[in-house]
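Please open the structure in your viewer and keep the selection tool at hand. The tour below moves from one selection to the next and says what can be found at each stop.

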Amino acid sequence: MKASLPMVARALSGPRLKQGVIALGIVIAVSSPAFAQVELSGSYSIRMYEDYIERGPGSFMGDFTGMPMSDEGRAKALLYTSNLPSMIERQCLAQSPWVGQYRPLGLRIWSEVDDGRVVAWVIAGDYLRGTITIWMDGRPHPSPNAWHPPSGFSTGHWEGDTLVVRTTHVKTAWIRRGVGIPGSDKSEFTVLITRHENLLTITTIQDDPIYLTEPHVVSRVWEFDPNGSQAPNNRSTCNVGNEIPALEDTGKVPHYLPGANPEEDYMVKHYNVPKDAAMGHAYTLYPEYRKMLRGSYTPPTSCDRYCCGWIERQGLPGAAPSLTCNDGNLPRALRDALTNQR
Amino acid sequence: MSAARAFVVLAIACLVLCPAGVRAQRRGGGPPAGPPASPRAAAPIDLTGQWVAIISEDWRWRMITPPKGDIVSIPLNLQGQQTAEAWDPAKDEAAGEQCKAYGAPGLMRGPIRMRISWADDNTLKVETDYGMQTRLLQFASAGTSPARSWQGTTSAQWLIKGGGRGSQRYGSLKTITTNLRPGYLRKNGVPYSERAVFTEFWDMHTLPNGDRYLVNTNVVEDPVYLQLPFETAIHYRLERDTSRWDPTPCDARF
């Protein structure tokens with residue numbers, strides 16, 4: 001015969017019953033499925049072991065490799081000059097949600113808690129325009145006609161140990177870093193945030209019906225930093241200022257005319273990269289493209305710029321004494337000084 | 001509320017909320033009677049199918065062969081850099097080592113398609129068309145270590161979450177590869193040694209539109225050629241059209 005719960009309860013008396021209640025409460029407290037499946041809070045250090053040049057010194061002009069751009073996106077990107085971000089009204093265009101995927105600094109993540117429940121995760125980092133708040137309380141996304149704030153609007157849910165985020169309501173922006181690849185305000189992001197041991201992986205999948213022909217996928221790794229040493233780098237504002245006084249109040253917008261960008265062939269000339277790959281056609285992202293290059297691609301005879309970037313990061317000496325590295329970027333005096341230090 | 005009523009309420013709450021594992025432990029500290037499910041039957045995610053690498057990162061270093069000495073991004077130490085500077089593909093060809101860039105740590109960053117299938121209940125098989133390589137991810141011990149190889153010896157384990165009281169099971173795969181022949185992290189001779197340990201976390205995600213992505217977060221640790229662990233994430237998309245599978249042999253130059 002099975003004992004019913006009330007029977008069990010009656011069988012227990014006074015102090016025992018209280019002990020049982022307390023014990024059951026503890027069991028429930030420690031074993032109930034948590035709303036957050038993984039504790040993400042903390043500081044994370046950057047690991048720039050992919051796309052170092054883009055994330056460090058910045059991409060070469062005319063380098064759209066790895067991008068699935070539409071003709072509109074390519075045309076707009078080729079109008080870009082390095083003077084364009086100097087205009088006050090365009091200085092923050094490079095700062096949009098998830099741009100930290102292409103930048104060189106760390107992250108800080110914390111939770112917003114209401115009555116014991118995580119209602120939002122907040123990510124601050126090298127985004128320069130506020131934090132990204134990921135709402136976990138089930139609220140819907142606003143109307144498509146609602147205001148697009150600088151950080152967009154994000155909601156999230158857990159799938160196992162992965163926080164799945166959807167970001168909408170972003171502003172028009174430059175994506176990637178420093179070469180004018182555009183992202184429209186129609187962009188939507190699916191973001192997968194997974195932590196395995198001390199490694200945090202953020203994968204962004206960007207859909208943009210205007211400037212991309214297929215989702216643009218990027219996955220990056222950060223490492224948990226218990227010392228929080230990345231905190232000083234977690235800037236959260238984009239400060240604007242007039243950088244080219246001669247342009248002020250003139251109505252001039254720095255740009256190249258269509259077909260007149262002198263950097264359009266930079267990757268072809270310097271790295272023998274085929275033009276269609278440099279210009280970000282989606283079909284160049286897949287293995288079959290490589291086979292098309294067999295017999296026609298010849299590697300450059302030597303590496304002449306940013307060849308050992310990880311070592312020369314921040315202009316500091318690497319941990320490899322006596323290394324002769326063809327950095328091609330550091331001023332001679334600084335290079336000699338660093339060599340002497342080693 | 002009386003203490004008796006509180007007990008009943010808490011007990012019911014525990015039945016609803018406690019994970020199956022907790023209740024199983026109360027019943028006797030282990031899984032239900034009977035043989036444990038095989039790794040294949042216990043798989044929390046289905047990794048099988050044909051996956052294609054999307055080369056949206058490090059395009060110039062993954063899709064094409066960079067020039068000798070281009071070691072950017074990789075935390076080599078001095079010995080590693082000197083070794084990379086000495087890269088000579090003709091020498092590799094003469095030694096019959098055209099596949100040095102196709103060992104597991106280099107292979108996974110390559111422009112690959114891979115087919116994942118179950119070789120048996122304890123072994124996931126990963127085949128690539130790029131270099132025609134085969135990795136075996138073994139959930140059970142392989143026993144004695146075989147000779148070193150490009151793909152080494154890989155141990156695998158599921159990291160499983162959820163599944164209690166009919167809730168959805170989630171999980172990922174963790175693999176550790178050792179026993180590697182010395183090879184290249186990059187086609188232009190950036191080296192790893194036979195002491196390298198290659199750790200991978202395999203996560204699969206299905207988007208609302210049905211697209212499936214595999215994200216491989218991995219770490220190469222090598223006391224011989226690296227100053228620090230080389231940590232990256234690589235992403236792949238599941239292909240339903242498998243017609244682009246195109247096996248090609250190893251090539252030391254292109």
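## Starting with chain A

Select chain A and show its surface: it exposes about 15900 Å², and carbon and sulfur atoms supply 53% of that area. Bear in mind from the start that this is a predicted model. Switching to a cartoon of chain A should bring out eight helices and eleven strands. Of the 342 residues in this chain, buried ones make up 51%. If you turn to the contacts in chain A with a separation of 6 or more, 60% of them are accounted for by residues 24 or more positions apart.

## The barrel of chain A

Next, colour the strands of chain A and follow them around, taking β1, β2, β3, β4, β5, β6, β9, β10 and β11 in turn. In that order these nine strands close into a barrel, and the pairing between them is mixed. From one strand to the next, the twist averages 30°.

To see where β1 meets β11, select residues 42-46 and residues 216-224 of chain A, which pair in the antiparallel sense over three bridges. Within this pairing, A:Y44 stands opposite A:F224 of β11(A).

## Aromatic pairs

Show the aromatic side chains next; over all chains, the count comes to twelve aromatic pairs. One of them is formed by A:Y44 and A:F224, an edge-to-face pair with 5.7 Å from centre to centre and 65° between the planes. This pair links distant parts of the chain, since A:Y44 lies in strand β1 of chain A and A:F224 in strand β11 of chain A, 180 residues apart. Which of the terms buried and partly exposed applies to A:Y44, and which to A:F224? Because its relative accessibility is 0%, A:Y44 counts as buried, whereas A:F224, at 24% relative accessibility, counts as partly exposed.

Now move the selection to A:W121 and A:W158, whose ring centres are 6.4 Å apart and whose planes stand at 85°, so this pair is edge-to-face. It too links distant parts of the chain, with A:W121 in strand β3 (residues 117-125) of chain A and A:W158 in strand β5 (residues 153-159) of chain A, 37 residues apart. A:W121 counts as buried because its relative accessibility is 1%, and A:W158 is buried with a relative accessible area of 11%. Before leaving the aromatic residues, select A:F60, A:Y266 and A:Y271, which form one aromatic cluster.

## The nonpolar cores

For the next stop, display both chains together. The largest nonpolar core has 91 residues, and those with the most contacts inside it are A:L40, A:I134, A:I193, B:L47, B:M114 and B:W202. Strand β11 (residues 230-239) of chain B gives the most to this core, with four residues. A second, separate core has 15 residues, among them A:M61, A:M69, A:M87 and A:V179. As a general tendency, nonpolar side chains in soluble globular proteins are buried together.

Centre the view on A:I193 and leave aside its neighbours within four places in sequence; the residues in contact with A:I193 then include A:L40, A:W98, A:I123, A:I134, A:L163 and A:L200.

## Strands of chain B

Finally, select residues 49-53 of chain B, which make up strand β1; this strand is mostly covered, as four of its five residues are buried. Four bridges join β1(B) to strand β2 (residues 113-120) of chain B, and the two run antiparallel. Across this pairing, the bridge partner of B:W51 in β2(B) is B:M114. Four bridges also join β1(B) to β11(B), again running antiparallel, and there the bridge partner of B:V52 is B:R237.

From there, go to strands β5 (residues 153-162) and β6 (residues 169-178) of chain B, which run antiparallel and are joined by ten bridges. A residue pair to look for is B:S155, which stands opposite B:I176 in β6(B). β5(B) and β6(B) form a hairpin with six residues between them, and B:G163 in the turn has a positive phi of about 95°. The last selection is strand β9 (residues 197-206) of chain B, which is joined to β6(B) by five bridges and runs antiparallel to it; here B:T177 stands opposite B:F198 in β9(B).

Methods
Residues numbered from 1 in each chain as written. Chains lettered and ligands numbered in written order. Predicted model: local features only at pLDDT ≥ 70, side-chain atom pairs only at ≥ 80, totals over all residues. Heavy atoms only, no water. Core = buried A, V, L, I, M, F, W, Y, C linked by side-chain atoms within 4.5 Å. Buried < 20%, exposed > 50% of the residue type's maximum accessible area, 1.4 Å probe, protein only. Contact = heavy atoms within 4.5 Å. Areas by Shrake-Rupley, 256 points an atom, 1.4 Å probe, with all protein chains shown as cover. Pairing = 2+ DSSP bridges. Axes fitted to C-alpha atoms, helices over the stretch in contact; angles between N-to-C directions. Phe/Tyr/Trp six-rings, centres within 6.5 Å; stacked < 30°, edge-to-face > 60°.
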